[in-house]
Amino acid sequence: MLDKGTRVKMTKGYRGVTGIIEMKTDSPYELYVIALDNGIRLVAGPNAFVA
């Protein structure tokens, strides 16, 4: 589990775009709300980014 504020780099979909983890969802699948540096906010699992 990653902490709020952790910097990440996307590896799927938005490949190469960086951002920060805003929060972990209540989902049992370890999903995170990520605010990307380009202004987009998305929900992604840990296989879609590297910390």
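The questions and answers below go through the sheet, the core and a ring pair of this predicted model.

Residues are numbered from 1 along each chain as its sequence is written. In this predicted model, local features need pLDDT of at least 70, side-chain atom pairs count only at pLDDT 80 or more, totals for chains, interfaces and linings use all residues, and side-chain values use heavy atoms, with hydrogens and water left out.

Me: Which strands are the edge strands of the open sheet?
Reply: Strands are DSSP runs of E with at least two residues, numbered from the N terminus, and two strands pair if DSSP finds at least two bridges between them. The open sheet has five strands in the order S4-S3-S2-S1-S5, with antiparallel pairing. Pairing on one side only marks the edge strands, S4 (41-44) and S5.

Me: Which residue in S3 is the bridge partner of Gly19?
Reply: Strand S2 (residues 18-24) and S3 run antiparallel and are joined by five bridges. For Gly19, the bridge partner in S3 is Leu36.

Me: Which element gives the largest share of the largest nonpolar core?
Reply: A nonpolar core is a set of buried Ala, Val, Leu, Ile, Met, Phe, Trp, Tyr and Cys residues joined through side-chain atoms within 4.5 Å; buried means under 20% relative accessible area, exposed over 50%, partly exposed in between (1.4 Å probe, protein chains only). The largest such core has eleven residues, among them Val8, Ile21, Tyr32 and Leu42. Strand S1 (7-10), S3 and S4 each give two or more residues to this core. The largest share, three residues, comes from S3.

Me: Why is the pair of Tyr32 and Phe49 edge-to-face?
Reply: Rings of Phe, Tyr and Trp (its six-membered ring) pair if their centres lie within 6.5 Å; planes under 30 degrees apart count as stacked, over 60 as edge-to-face and the rest as tilted. By this rule there is one aromatic pair. The centres of the Tyr32 and Phe49 rings are 5.9 Å apart and the planes stand at 80 degrees, so the pair is edge-to-face.

Me: How many residues apart are Tyr32 and Phe49?
Reply: Tyr32 is buried at 0% relative accessibility, and Phe49 is buried at 6%. Tyr32 is in strand S3 (residues 32-36) and Phe49 in strand S5 (residues 49-50), and the pair links distant parts of the chain, 17 residues apart.

Me: Is Ser27 buried or exposed?
Reply: Ser27 lies in the loop between S2 and S3. Its relative accessibility is 19%, so Ser27 counts as buried.

Note on methods
Helix = DSSP H or I, 4+ residues; strand = E, 2+ residues; numbered from the N terminus.
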